[in-house]
Amino acid sequence: MRNQGYEQALTKSGVKWRYEASIPLDQINATRGKQMQARLEPLDQGLIESYANMLNDGLEPPALLLWQQSPKSMYTPLDGNQRLAANAQAKAPNRKKSWDAYVLETDDPMIADRMCWSFNNMVNGRRLSYEESLEHAITMVRKYNQPVSST
């Protein structure tokens, strides 16, 4: 379901985005989402259990934040790894076959990385650890040839 806080955070970030009410799960590359994520530990079992309980109780977890680098590529989760893992753990009749999502509209992987690393903090206030922040700075230098002074 649409979330005003998510929409404000995305708009404030200056990125282009759109809301999709239903994206089939077979179009989402959850493995890639765990590789390209903000946390050094990609999954939080306690949060996964909380979302699985929501699904089993018939409640709707928040929308995902997805990125599709090109029109023919699968969607990559930038925010939502716990929700996707929870869906797999939910009881069979409660599992979703599709998910609503905010889709980042850019073909620039650096923008996708930055949104992945900052979105959870913007909407949930969960700050990155010092180690996670340092890892992201190193990635910006190595992956995008950014000078140290700009990270």
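Author: A charge is said to sit over a ring if NZ of Lys or CZ of Arg is within 6 Å of the ring centre and within 35 degrees of the ring normal. This is a predicted model, in which local features need pLDDT of at least 70 and side-chain atom pairs count only at pLDDT 80 or more, while totals for chains, interfaces and linings use all residues. Residues are numbered from 1 along each chain as its sequence is written, and side-chain values use heavy atoms, with hydrogens and water left out.

Reader: What makes the charged end of Lys 96 count as sitting over the ring of Trp 99?

Author: The charged end of Lys 96 lies 4.7 Å from the centre of the Trp 99 ring, which is to be set against the limit of 6 Å, and the contact is therefore listed as a charge over a ring.

Reader: Why is the pair of Tyr 6 and Phe 119 called edge-to-face?

Author: Rings of Phe, Tyr and Trp (its six-membered ring) pair if their centres lie within 6.5 Å, and planes under 30 degrees apart count as stacked, over 60 as edge-to-face and the rest as tilted. The rings of Tyr 6 and Phe 119 are 5.2 Å apart, centre to centre, with 85 degrees between the planes, so the pair is edge-to-face.

Reader: What does this pair tie together?

Author: Tyr 6 lies in helix H1 (residues 4-13) and Phe 119 in helix H5 (residues 109-124), so the pair ties together parts that are 113 residues apart in sequence; helices here are DSSP runs of H or I, at least four residues long, and strands are runs of E, at least two, numbered from the N terminus.

Reader: How do you know that strand E2 pairs with strand E4?

Author: Two strands pair if DSSP finds at least two bridges between them, and four bridges join E2 to E4 (residues 98-104), which run parallel, so the criterion is met.
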